[in-house]
Amino acid sequence: MSYQKPIPLKTQDNQPYWDAADRHELVLQKCDTCHSYNHPPGPACAKCGSTELSWESQGSDITGSIYSYVVSYRPFLPGFQDDLPTIIVVVQLDHLPDVKIIGNVLGCPPEELKIGMPVKMTWQDITEDRALPQWIQA
Amino acid sequence: MATIKDRYAIVGVGESERSKNSGTTPLHLALDAARAALKDAGLEAREIDGVMSYSENDSCTSHQLATYLGARPKYVKDIMGGGSSTEMLIADAIGLIETGQVNTVLIYRAMNGRSGVRMGGGGWDVNMLQGAMDGGSFFIPYGAGGPGQWFGLFATRHMQQTGITQEHLGHVCVSFYEHAQRNPKAFFYGKPLTMEEYLKTPHLSYPFTKHDFCLESDEANAIIVTSAEKAKDCKSKPVYIMGIEARRTVSHAHYWTNLDEVASDFVAPSLYKKAGVTPQDIQVASIYDCFSWVVLRQLEAYGFAARGEVGDFVASGNLKMGGKLPTNTAGGMLSEGYTHGMNNVLEIVRQIRHDYKGTDRQVENCEIGICTGWSGPDIAGAMILRN
């Protein structure tokens, strides 16, 4: 069956992030002026307004810890009805604590979830040419 | 800059019937609410020269309402917005009156919030959501499609950091449901909630159960704002605006970039400064309650309990009648009804006017109240009112 959940829309501001995800890699937008990372990426730096932006690969070995989470027992979007409960987390990256990334933790029993729990990025191949960054317990 | 302290007042409030299926249009509901507010104020429709509304594209326009009300306003405005829009539009109205554009403004929210466009998530077009919200592509694909999840991510972190428990969320619900038992017009009138029942209720989306989510209803509310001078000609007892903070934001439109700040944190200091009061001076509150936790987070932001002590504050019964801060005394959006906050504004106006005097609904001797709006963690406004 084809993938039923929403697929990330690529836009002029986020395309490099999702293109990298498709090849199972994390890239982040970085401001060349104030050197902050911008996540999610945008048309300008959210800290200083600079439009001098570049993309920096973080590789494919990404770890972090759960900063916060919710566990949903009913679907709020199409495609999630067959995948309940849905664990939605905010992950703080180990090597860049200012960067927080939203995702799901796959295959984790909800009762094991805890703020601070270590996780590792993985990529879910959702269509022939698209992949979604996700998390598993580290 | 001119201070507006005590120079403007809310002079009329009114509502339509409240139901789950109105069988009519938002325009009809808005007309009922507007006529009730005019009657409350003792004003004629032609005396309204400004009309404003907020909606999520689920209402009628201000011009339509004015047309069928028989008002011929000099100014109409319809904005996109939910929570905290009432406070913002009141502040806008004051600005317009101050510069001589208009004299008396009617502000309304009309919605078939249960039978028509629902706010609780579900049914929205997913690509629209990804485009409409900043960084939408970074959470919609993960199933975060409604406020319960969006705000829940703040709640889980905040609860862990400050020691707030599920039971503390329950105290907010139980307190507000208790208020609803004195309000025959509340949806949950006749349906009290015990802590035991609350704790047995399964999560819809952890940390929230169905009791922690607000209601959805079909209804319209309206309020009328004018100058203190003009208020003297009205039939009602004016409720003066001591201070108002229209609309503050957090640092990023994609507000999950910082789960540790909410806009209410930035509203509070300047609000108290403008009003010239402190949290200790406030005797009654309407705290925006789209979710139980949102009340707890705002009690902290507005200084009613220190960070880490908010749970104890609500567990001690302080939100109930006779507590330190009777809050959402008509039942709030958790148990009365839901008009993106305006029903809570109506209630605090009635409390401060002592409309319930002689009944068990009246907060004894309340002279000063706070009314807060919460669009989300990202956007908030609030006002302090007196009689």
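Helix α10(B) is a good place to start: 10 of its 10 residues are buried, so this helix is largely enclosed by the rest of the structure. Please keep in mind that you are looking at a predicted model. From α10(B), this briefing moves to a helix crossing, the strands of chain B, the contact between the chains, and finally chain A.

**Helix α10(B) and its surroundings**

- The buried residues of α10(B) are B:S292, B:W293, B:V294, B:V295, B:L296, B:R297, B:Q298, B:L299, B:E300 and B:A301.
- Around them, the packing partners in chain B are the helices α5, α6, α9 (264-275), α11 (310-315) and α12 (332-335), together with strand β10 (368-374).
- Just after α10(B) comes B:G303, whose phi is positive, at about 80 degrees.

**Where α6(B) meets α10(B)**

- One of those packing partners, α6(B), spans residues 166-180, and its axis comes within 8 Å of the axis of α10(B), which covers residues 292-301.
- The two axes cross at roughly 100 degrees, which makes α6(B) roughly perpendicular to α10(B), since angles of 65 to 115 degrees count as such.
- On the α6(B) side, the contact is made by B:H168, B:L169, B:V172 and B:C173.
- On the α10(B) side, B:S292, B:W293, B:V295 and B:L296 take part, and these four also appear among the buried residues of that helix.
- Sorted by class, this helix contact has 6 nonpolar and 2 polar residues, with no charged ones.

**A look at B:M195**

- B:M195 belongs to helix α7 of chain B, which covers residues 195-200.
- Is B:M195 buried, exposed or partly exposed? With 13 C-beta neighbours inside 10 Å, B:M195 counts as partly exposed, because the buried class needs 20 or more and the exposed class 12 or fewer.
- Setting aside neighbours within four places in sequence, B:M195 has contacts with B:E167, B:G170 and B:V174.
- B:F151 lies 44 residues from B:M195 along the chain, and the C-alpha atoms of the two are separated by 23 Å.

**Strand β8(B) and its partners**

- Strand β8 of chain B runs over residues 239-249, and 8 of its 11 residues are buried, so β8(B) is largely enclosed by the rest of the structure.
- One antiparallel partner is β1(B), residues 8-15, joined to β8(B) by 2 bridges.
- Within that pairing, B:Y240 of β8(B) stands opposite B:A9.
- Another antiparallel partner is β11(B), residues 379-386, which pairs with β8(B) over 7 bridges.
- Here B:I241 has B:L385 of β11(B) as its bridge partner.

**The contact between chains A and B**

- How many residues of each chain take part in the contact? Chain B gives 33 residues and chain A gives 29.
- On the chain B side, α4 (126-132), α5 (147-162) and β5 (203-206) are the elements that give two or more residues.
- The largest share of that side comes from α5(B), with 6 residues.
- By class, the chain B side divides into 13 nonpolar, 19 polar and 1 charged.
- A strand pairing also links the chains: β4 of chain A, residues 63-72, and β5(B) run antiparallel over 2 bridges.
- In this pairing, A:S72 has B:S205 as its bridge partner.

**Strand β4(A) within its own chain**

- In β4(A), 8 of the 10 residues are buried, so this strand is largely enclosed by the rest of the structure.
- Strand β5 of chain A (residues 86-93) pairs with β4(A) in the antiparallel sense over 8 bridges, and A:S68 stands opposite A:V90 in β5(A).
- Strand β7 of chain A (residues 118-125) is also antiparallel to β4(A), with 3 bridges between them, and A:P118 in β7(A) stands opposite A:S65.

**The two domains of chain A**

- The domain assignment of chain A gives domain 1 as 11-60 and domain 2 as 61-138.
- Taken over C-alpha atoms, the centres of these two domains of chain A are separated by 20 Å.
- Their contact takes 10 residues from domain 1 and 13 residues from domain 2.
- On the domain 1 side, α1 (15-22), β1 (26-31) and β3 (53-59) of chain A each supply at least two residues.
- That side of domain 1 has 4 nonpolar, 5 polar and 1 charged residues.

Conventions. Residues are numbered from 1 along each chain as its sequence is written. Chains are lettered from A and ligands numbered from 1 in the order in which they are written. This is a predicted model: local features need pLDDT of at least 70, side-chain atom pairs count only at pLDDT 80 or more; totals for chains, interfaces and linings use all residues. Two residues are in contact if their C-beta atoms, placed from the backbone, lie within 7 Å. Ala, Val, Leu, Ile, Met, Phe, Trp, Tyr, Cys and Pro count as nonpolar, Asp, Glu, Lys and Arg as charged, and the others, Gly among them, as polar. Two strands pair if DSSP finds at least two bridges between them. Axes are lines fitted to C-alpha atoms, for helices over the stretch in contact, and angles run from 0 to 180 degrees between N-to-C directions. Angles under 35 degrees count as roughly parallel, over 145 as roughly antiparallel, 65 to 115 as roughly perpendicular and the rest as oblique. Domain bounds come from an automatic or database domain assignment.
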